[in-house]
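Trainee: I am new to this structure and would like a close look at a single part of it. Please take the open sheet and the helices that lie against it, and go through them step by step.

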Amino acid sequence: MMHRIERTFAGRKLIIETGRMAKQAAGSCLITFGETMVLATVTVSEKRSTLPFFPLTVEYKEKTYAAGKIPGGFIKREGRPRDEEILSCRIIDRSIRPLFPEGFQNEVQVFIYVISADQENDADVLGLVATSFALNASKIPFTAPIAAVRVGRVQGKWVLNPTFQQLEFSDMDLVVAGSQDSIVMVEGGALEIQEEDVIEAIGIGQRGIRELIALQEELLAKNPVEKMSWDKVETPDDVIKRVTKEAEKKIVAAINQKDKQTRIQAVEKVKDEVKTALKAELPDAQHPFIGGVLGDIEYRVLRDQVLTSGLRVDGRKPTEVRQISIDTGLLPRAHGSALFTRGQTQALVVATLGTGNDVQRMDSIDDKQETTKSFMLHYNFPPFSTGEVRPMRGTSRREIGHGNLAERAIQGVLPPFEEFPYTIRIVSDVLESNGSSSMASVCGGSLSCFDAGIPLKAPVAGVAMGLIKEGKKYAILTDILGTEDHLGDMDFKVAGTKDGITSIQMDIKIQGLDLKLMEEALAQAKEGRLHILGEMDKALPTVRPEMSPWAPRIITVQINPEKIGDLIGPKGKTIRGIQEESGAELTVDDSGLVTIAAVGAEAMERARQMVQAITAEPIVGETYEGPVKSTTAFGAFVEIMPGTEGLVHISELQWGRTEKTEDVVKKGDRVKVKLIERDERGRLRLSMKALVPKPTGDAAPVESSYADGAAPASEAPAAEGGEEGGDRGGRSGGRGGRGGRGR
């Protein structure tokens, strides 16, 4: 049976319905906001998985038919998820994963399809609302409804679920997910906003979340579903006591090592020794429980130590940042490079400058036309960075998510493309990892931009915060280790400048987080960020005044848009010829802005001269040199620029009377002329005699009877040059004349 609810949310129509589509799934939900529609389905395995983690799979797919488009490429069907789809998928996965009951091990699959896109409303937050409803409307044991909203701020006013157009004018793009009483996930970017603004935005978002949860609960009440039965595997008490007695003190000693690998090896050695000893003592049926109890002991020991003594496993205090070392300019041929090391986390980050031809072309259901992207940050996390051996299967979702987080952090401080017309690509190769490699990528990315001569508005740094909470006792940790991330309750990454936040991401492993704790974490993160910025300032305080000699130099030349065709030439022949001859790279947009990029000043100048020679507009009073294209009884036509001709009247060929044009010039001669007039029809009058001093005395010339430029009718018959000549001069001063596009 179909159930449906319709309300107005954030000024637009919102519809939540179930029972019409995908009825064989364990749960499904169709949500409509404006004219954007999202279908979410959930299914669950009847058998308990034996995997050592909760087997949850989330897939988010944007159907191109949703926007009335056909996929590009040869295959013409949806294939590998785009980065934007993966990022939306991660938002949903990270929000729902901690809300399944502890010990539930049945495999769960979530599929979200965007089936209609109105190109105004983003579907990612709708996907989480639909997923929440589908889970709660199914037999799957899920804690309670959750929801997500996007928060923006346009001209100082908060906007809930802003449209794409509103986001272009917003200084913040923040996705907030939460339950009725707490926040479970935060993700977004901003233009150097203050910590108190983030808290206010989350509060605005939480009000919208509660409204969406109320709608879900109202619809769920119409069709209650009995939840599936499942058994949580309980560890026998005698196993817990025996393993604890044998291992706890040894793990306390082993876990307090500053070096990551030493700590891991020491803890694993204790675990192996305890397993070997107890397997000989305990019944075979209890052997599988030993490893779980050892993990629980490690979890409890680390947390208890931080909460009671205030000391972390590497000896730091909760607010202390690890030692930082920085090297810049270490790759001689790269345009900009930095090696950023914080403790045992290290990232080699390299900035490369390209031209307009290097932009990333993107096809999306949210854009009416293909869009381009002139700034990219790519994050790579190879297995050797953690000392592991694991298969390489292309770019992981984690790498895409961490790269996007770091990209947003730097994006807000980049110079406008109009002022710095380069395509910028930053690559972060993580060489060592022990906590917060994405924030190391932010720091290294900012430094590599400075090293490359990219005039960032301000340097950017990032720090990862952690949380350990037991009842009312809690500790907020600055610059967390991998162990603290794994065994803690929160991973809260904050990046920004000294003046404000540019990127933020929060994941939690507990049921939720209140705003008071978030406010305290943000304040502590600011202290850590300012400390890191201080260390970065010591290494490279300002942007380098000169770019790498291997980086392209870019200049722009504005031409008349009517000359674009002349510059490009038939099938691109002219512009390709300029590039081949000069070695420079050229792009031209519809406004007539020509971008010239070249490594080396000589190639750039040669290309600039060639462009100007083809597209320059004639200037009255300037001198030009060119070939005589034809002669007539009343003068000669001279090409002063490619495709642009003017008339040298017979009276302007030389001082004194000229009987025949051919007495002075012939077709093919190269002559110097001065442009003396452009009339209202665009016709060009040229003069040769204006470039030669007038003879005096006995050498004074006999003036022509038509020195004023009006040739007698008998010498300028219409068939040879009357009206035809005037028109010809007009064309030559227009869009190319003879030899121009019309030829």
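Mentor: The crossing of α4 and α11 is right-handed, and this is a good place to start, as long as you keep in mind that the model is predicted. The axes of α4 (residues 195–220) and α11 (residues 515–539) come within 10 Å and cross at roughly 150°. Angles over 145 degrees count as roughly antiparallel, and the two helices are therefore roughly antiparallel to each other. On the α4 side, the contact is made by E195, V198, I199, I202, G203 and Q206. On the α11 side, L515, M518, E519, L522, K526 and R529 take part. Why would the positions in such a list be spaced this way? An α-helix has 3.6 residues a turn, so residues three or four places apart point the same way. Sorted by class, the contact of α4 with α11 has 6 nonpolar, 2 polar and 4 charged residues.

From α11 we can pass to the sheet. Helix α11 lies across β10 (183–193), β18, β19, β20 and β21, and its direction is at about 145° to β18. These strands belong to an open sheet of 8 strands, in the order β8-β7-β9-β10-β21-β20-β18-β19, with antiparallel pairing. At the edges stand β8 (157–160) and β19 (473–478); each has a single partner strand, so one side of each is left without a neighbour in the sheet. From one strand to the next, the twist averages 15°.

Now take the pairs one at a time. Strands β20 (residues 490–497) and β21 (residues 500–508) pair in the antiparallel sense over 8 bridges. Within this pair, M490 stands opposite I508 in β21. A second helix, α9 (residues 437–452), also packs on the sheet, where it touches β18 (461–470) and β20. The direction of α9 makes about 155° with that of β18.

Strand β18 leads on to the edge of the sheet. It runs antiparallel to β19, and 6 bridges join the two. One bridge links G466 to its partner L477 in β19. The hairpin of β18 and β19 has 2 residues between the strands, and in this hairpin G471 takes a positive phi near 65°.

Another glycine with a positive phi is found elsewhere in the chain: just after α7, G310 has a phi of about 75°. As for α7 itself, its 23 residues (287–309) should span 33 Å at 1.5 Å a residue, and its end C-alpha atoms are 34 Å apart, which agrees.

Notes. Residues numbered from 1 in each chain as written. Predicted model: local features only at pLDDT ≥ 70, side-chain atom pairs only at ≥ 80, totals over all residues. Heavy atoms only, no water. Helix = DSSP H or I, 4+ residues; strand = E, 2+ residues; numbered from the N terminus. Expected span 1.5 Å × (residues − 1). Axes fitted to C-alpha atoms, helices over the stretch in contact; angles between N-to-C directions. Parallel < 35°, antiparallel > 145°, perpendicular 65-115°, else oblique. Left-handed = near helix turned anticlockwise from the far one by under 90°. Contact = heavy atoms within 4.5 Å. Nonpolar A, V, L, I, M, F, W, Y, C, P; charged D, E, K, R; others polar. Pairing = 2+ DSSP bridges.
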